[in-house]
Each structure stands twice: as structure tokens, then as C-alpha cells.
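Reader: I'm new to this one. Can you walk me through it?
Author: Sure. Here it is.

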Amino acid sequence: MGKAILFSAPSGCGKTTIIGELMRYFDCFDFSVSATSRQPRGTERDGVEYYFMSHGEFMRRVAEGQFLEWEEVYQGTCYGTLRSELDRIWAKGKAIVFDVDVNGGRNIKRHLGDDALSIFVMPPSLEVLEQRLRGRGTDSEEAITKRLARSAEELKQAGQFDVTLVNDDLQRAVDEARAIIERFLGRQ
Ligand code: ADP
Ligand code: 5GP
């Protein structure tokens, strides 16, 4: 088993942005591509941001035991980590980077134990989180309402992660994440 870095947070806290910056810095990282039953948005491509599939296909894979963890994150929309992703990445000798919701993060950490560093990304406040979700311009008003409704509950679970990272100023947050990860990987 190799190493893994897990990023969890409510939607809009900045996981994708922070991971994007870190992937440029750590060449030993490879991103775990999750499966989802939602439609691609914007420039998303199958096999890059997600493996996009129908609800039926997703459930067939669940029944076959292909997922390490999966969840109906929003009503009618499932997301999950395929076991084959771990094999694919560790076979290359790389560390896995996960971007999963808060329950998914706790589940994966339980499976991987000390081989995984779990990082909870915190927004500076719920107001800022709402502004960022709207500013991203990718979600309908209905989706934003659903996401915010979930956030307050998820934020209460920050204490169950190895590290809390406040995403106030992006560069500061990325620098802090880099230092924490280097310590975890035993580089410092
Ligand atoms: P997540 O992956 O957690 O859902 P994103 O990375 O998509 O969140 O970020 C949500 C929005 O907030 C994006 O439009 C992103 O550009 C913006 N954002 C992320 N981090 C910051 C930051 N530190 N300051 C201001 N805007 C940010
Ligand atoms: P989005 O639709 O914004 O891409 O993602 C919605 C939520 O699903 C985010 O909180 C994201 O972290 C979470 N998510 C993405 N992939 C997975 C996964 O494999 N498992 C779980 N549990 N959540 C995931």
C-alpha cells in the first residue's frame, strides 16, 4: 500500500483549486478520479475530472463491489471511489490525491489509516463560502441551495480530520498545505 492525501470539505471551499496548485508542485501525486452519476459541467471530460456514468451503471458497479466507498452526496446524484483507482495509482509508485465529500473522507481514512493524511478545507466563513459558490458560476440556484444546506452540518465534522486548513488567502493556504504534506511524506 502506498500513501494518500485526502481533501474533504463542503462544496465550494476550494478543494479543487488547492489540489490543482499542489499537483503542479508534487510530481509524485496522481489524482483519484471518482465515478459520478451527475452530468459533466463546463469543460469537464470523462476520465479526467470524473468517470461519468448513468445511475444504472453506477448501481451495477456498486452491486459488483467495485467501490471502496460511495455515497448519494446530493439527492439522486451518486459519487464514489473505485477500488481500481488505488491499484492504478499505487502501481505507478505515486501518492493518491482524493477530493471527496466529508463522509467519503472519513470512510477512506478509516480504510487507509496512517497511510493517509486527511485534510479538511475550511472556508473563512459561511458567507464567504456562499459568495464563492455563486462566483464559480457552475451551479444552478437550486444546486447552490442544496450545497449550502449540507455545508453547515459538514463543517461540524472538521475535528475528525488529521489537519484543518483554512482557505482564506489562496497562496497562504497552498503554502501551508505544502509544508504539512512534505512533513507527512517525510521530506522534512
Ligand atoms: P470545491 O472544489 O471545494 O468545491 P472550488 O475549488 O471549485 O471548490 O472553489 C470554489 C470557488 O471559489 C471557485 O470559483 C474558486 O476559484 C474560488 N476560490 C477558491 N479558493 C479561493 C480563495 N482562497 N479565495 C478566493 N476564491 C477562491
Ligand atoms: P461536484 O459535483 O462539485 O464535483 O462534487 C460534489 C461533492 O462530491 C464534492 O463535495 C466532492 O468532494 C464529492 N465527491 C467527489 N468524488 C467523490 C467520491 O468519490 N466519494 C465521495 N464520497 N464524495 C465525492
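Author: One term before we start: axes here are lines fitted to C-alpha atoms, for helices over the stretch in contact, and angles run from 0 to 180 degrees between N-to-C directions. Also, this is a predicted model.

Reader: OK. At what angle do helix 5 and helix 6 cross?
Author: At roughly 150°. Their axes come within 11 Å.

Reader: How are helix 5 and helix 6 oriented to each other, then?
Author: Angles over 145 degrees count as roughly antiparallel. Helix 5 and helix 6 are therefore roughly antiparallel to each other.

Reader: Is the crossing of helix 5 and helix 6 left-handed or right-handed?
Author: Helix 5 passes helix 6 in a right-handed crossing.

Reader: Which residues meet there?
Author: From helix 5, Leu-126, Leu-129, Glu-130, Leu-133, Arg-134 and Arg-136. They meet Glu-141, Ile-144, Arg-147, Leu-148, Ser-151 and Leu-155 in helix 6. By class, that contact has six nonpolar, one polar and five charged residues.

Reader: Now helix 1 and helix 7. How do their axes cross?
Author: Helix 1 covers residues 15-25 and helix 7 covers residues 170-184. Their axes come within 10 Å and cross at roughly 55°. Helix 1 and helix 7 are therefore oblique to each other. The crossing is right-handed.

Reader: And which residues meet in that pair?
Author: Helix 1 brings Thr-17, Ile-18, Glu-21, Leu-22 and Tyr-25. In helix 7, they meet Leu-170, Ala-173, Val-174, Ala-177, Arg-178, Ile-181 and Glu-182. The contact divides into eight nonpolar, one polar and three charged residues.

Reader: Switching to pockets. How much space lies in the largest pocket?
Author: About 990 Å³. It is lined by 41 residues, and the closest to its centre are Thr-16, Arg-41, Tyr-50, Asp-99 and Arg-136.

Reader: Which elements give two or more residues to that lining?
Author: Helix 1, strand 5 (67-74), strand 6 (77-82), strand 7 (95-100), helix 5 (126-136) and helix 6 (141-155). The largest share, six residues, comes from helix 1.

Reader: What classes of residue are in the lining of the largest pocket?
Author: The lining has 13 nonpolar, 14 polar and 14 charged residues.

Reader: What about the second largest pocket: how much space lies there?
Author: About 260 Å³. Of its 14 lining residues, Arg-38, Asp-139, Ser-140, Ala-143 and Arg-147 are the closest to its centre. Arg-147 is also one of the helix 6 residues that meet helix 5.

Reader: Which elements give two or more residues to this one?
Author: Strand 6 and helix 6. Helix 6 gives the largest share, four residues.

Reader: And how do the residues of that lining divide?
Author: Into four nonpolar, four polar and six charged.

Methods. Residues are numbered from 1 along each chain as its sequence is written. Chains are lettered from A and ligands numbered from 1 in the order in which they are written. This is a predicted model: local features need pLDDT of at least 70, side-chain atom pairs count only at pLDDT 80 or more; totals for chains, interfaces and linings use all residues. Side-chain values use heavy atoms; hydrogens and water are left out. Angles under 35 degrees count as roughly parallel, over 145 as roughly antiparallel, 65 to 115 as roughly perpendicular and the rest as oblique. A crossing is left-handed if the near helix is turned anticlockwise from the far one by less than a right angle, and right-handed if clockwise. Contact means heavy atoms within 4.5 Å. Ala, Val, Leu, Ile, Met, Phe, Trp, Tyr, Cys and Pro count as nonpolar, Asp, Glu, Lys and Arg as charged, and the others, Gly among them, as polar. On a 1 Å grid over the protein atoms alone, a cavity is a set of points where a 1.4 Å probe fits but cannot get out, and a pocket is an open set with protein on both sides within 12 Å along at least five of seven lines; lining residues have an atom within 4 Å of a point. Grid points are joined across faces, edges and corners, and a volume is the space filled by probe spheres set on the points.
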